[in-house]
Amino acid sequence: MSKNGKYFFTSESVTEGHPDKICDQISDAILDDLIEKDPGSRVACETLVTTGLAFITGEITSNGYCEFQKVVRDTIRQIGYIDADYGFDYKTCCVVSSIHEQSPDIAMGVMDTKNHEQGAGDQGLMFGFACTETEEFMPMPIMLAHKLVRRLSQVRRENILDYLRPDGKSQVTVEYDGYIPKRVSVAVIAAQHNPLVKIEDLREDIKKLVISEVIPPEMLDRDSKIFINGTGRFERGGPFADSGLTGRKIIVDTYGGVGSHGGGCFSGKDPSKVDRSGSYMARYIAKNLVAAGIADRLEVQIAYAIGIAEPVSIMVNSFGTAKISEDRIKELIRAHFVLTPKKMIEYLDLLRPIYKKIAVFGHFGRNEKEITWEKVDKAEILRKDAGL
């Protein structure tokens, strides 16, 4: 992406019935169940799904007890895999678990004692991003992609289009002039369906009830291209068609490929893992700085070392849009934001069973009250301190 010139940028999203997203939701459902019973739970849960099988593994240390079979089957049912005709359903799939305790070597580093503040659960680098392209302070391609699959899910769940099944994907290409989005060049939807619907009816319905409901008409023109179920059919979907794994949709979960990514996923990890808490705090920082008018586009990197509470580095990139120096922005971050794992967890109130809900449709750019890292409550004080 460039501050000057015309270019195109594409992002994608997936529904809750996509195999990888099934896994994210199962892993986070287990995390939620354990955090609710014991907020001090240490959870690193991975899930694999394939035809007729859900396999959970990982490291869990908790004073709570999780009925893994029930949590897994309830999650699959809530997603919508309720019939064996779908090739995968909550009643008949096999659920296998292989869970063991968190490594004691890691546990030492994240333990909060008189002589040692809770440190990072692992080394790693996390990024937060915000921009002025949308009211959510998110890049437009990923926001439109999320809204398309959210709407696709809605028309399925409400039986507005009763032939739809849980799997689905979206993709949006936006034409830019510099950092300004000008138009939607291409919109793509792939929607799983039953064998009875005619492809012509499906395409007409989705164009009318999904795409036209989401993409602003002023962003479409006669040159915009819309592709719906490009192969003609999408009957076989979910784990019956493709295996899934926790953490394989990290770009969908964040900024759609805009900016950088540290590589760590969120799902199945309690917030002592800075992959999760650090990324949420980095987004909170970037969003508040942009909302304060300090920059129109901002990326924040925070890096940690295992067992160490304070970040080992902070980096800021304003892409040439900042009203003050980037060194001054780093000073504002240090002055106004908490960055140790314990304080981030407390400040953002992360020890709550909120994670299954946010495992789909992106972790950022949402307005649900549970999502504390999307608040812009520091924007005014940052604006004043920056002298703007």
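**Exercise 1. Aspartate 33 and its surroundings**

Which residues does aspartate 33 touch, not counting residues up to four places away in sequence? Work out its place and burial too, keeping in mind that this is a predicted model.

*Solution.*
- Start with the contacts: aspartate 33 touches Tyr65, Cys66, Glu67 and Val71, once residues up to four places away in sequence are set aside.
- Next, find its place, which is in helix H1.
- Now the burial call. Buried means under 20% relative accessible area, and aspartate 33 has 17%, so it counts as buried.
- Finally, check the side chain: a polar contact of 2.9 Å links it to the side chain of lysine 37.

**Exercise 2. H1 against H2**

Describe how helices H1 and H2 pack, starting from their axes.

*Solution.*
- Two packed helices are described by the angle between their axes and the distance between the axes.
- Here H1 spans residues 19-37 and H2 spans residues 68-79; their axes come within 9 Å and cross at roughly 135 degrees.
- An angle over 145 degrees would count as roughly antiparallel, and 65 to 115 as roughly perpendicular. The H1 and H2 pair is therefore oblique.
- As for handedness, the crossing is right-handed.
- On the H1 side, the contact is made by Ile22, Gln25, Ile26, Ala29, Ile30 and Asp33, and on the H2 side by Phe68, Val71, Val72, Thr75, Ile76 and Ile79.
- Sort those residues by class and you get nine nonpolar, two polar and one charged.
- Asp33 from the previous exercise turns up in this contact, and so does Val71.

**Exercise 3. H4 against H5**

Do the same job for H4 and H5, from axes to residue classes.

*Solution.*
- H4 covers residues 140-157, while H5 runs over residues 199-214.
- The two axes come within 9 Å, crossing at roughly 140 degrees.
- That makes H4 and H5 oblique to each other, because only angles over 145 degrees count as roughly antiparallel.
- H4 passes H5 in a right-handed crossing.
- From H4, the residues are Leu144, Lys147, Leu148, Arg151, Leu152 and Val155; they meet Ile206, Leu209, Val210, Ile211, Glu213 and Val214 of H5.
- The class tally is nine nonpolar, no polar and three charged.

**Exercise 4. Arginine 203 on H5**

Is arginine 203 buried, partly exposed or exposed, and what does it touch?

*Solution.*
- Arginine 203 sits in helix H5.
- Its relative accessibility is 31%, so it counts as partly exposed.
- Leaving out residues up to four places away in sequence, arginine 203 touches Ile228, Asn229, Gly230 and Gly232.
- For asparagine 229 there's a polar detail: its backbone oxygen lies 2.9 Å from a polar atom of the arginine 203 side chain.

**Exercise 5. Two buried residues**

Place valine 184 and serine 272, then list their contacts.

*Solution.*
- Valine 184 is in strand S7, residues 180-193. At 0% relative accessibility, valine 184 counts as buried.
- Beyond four places in sequence, valine 184 touches Leu144, Val172, Thr173, Val174, Ile215, Met219, Leu220 and Ser224. Leu144 is also one of the H4 residues that meet H5.
- Serine 272 is in the loop between H6 (250-253) and H7 (274-291). Its 1% relative accessibility makes serine 272 buried.
- With neighbours within four places left aside, serine 272 is in contact with Arg42, Gln118, Ala120, Gly121 and Ile345.
- The side chains of serine 272 and aspartate 270 are joined by a polar contact of 2.6 Å.

Terms used. Residues numbered from 1 in each chain as written. Predicted model: local features only at pLDDT ≥ 70, side-chain atom pairs only at ≥ 80, totals over all residues. Heavy atoms only, no water. Helix = DSSP H or I, 4+ residues; strand = E, 2+ residues; numbered from the N terminus. Buried < 20%, exposed > 50% of the residue type's maximum accessible area, 1.4 Å probe, protein only. Contact = heavy atoms within 4.5 Å. Polar contact = N/O pair within 3.5 Å; in protein donor to acceptor, adjacent residues only side chain to side chain. Axes fitted to C-alpha atoms, helices over the stretch in contact; angles between N-to-C directions. Parallel < 35°, antiparallel > 145°, perpendicular 65-115°, else oblique. Left-handed = near helix turned anticlockwise from the far one by under 90°. Nonpolar A, V, L, I, M, F, W, Y, C, P; charged D, E, K, R; others polar.
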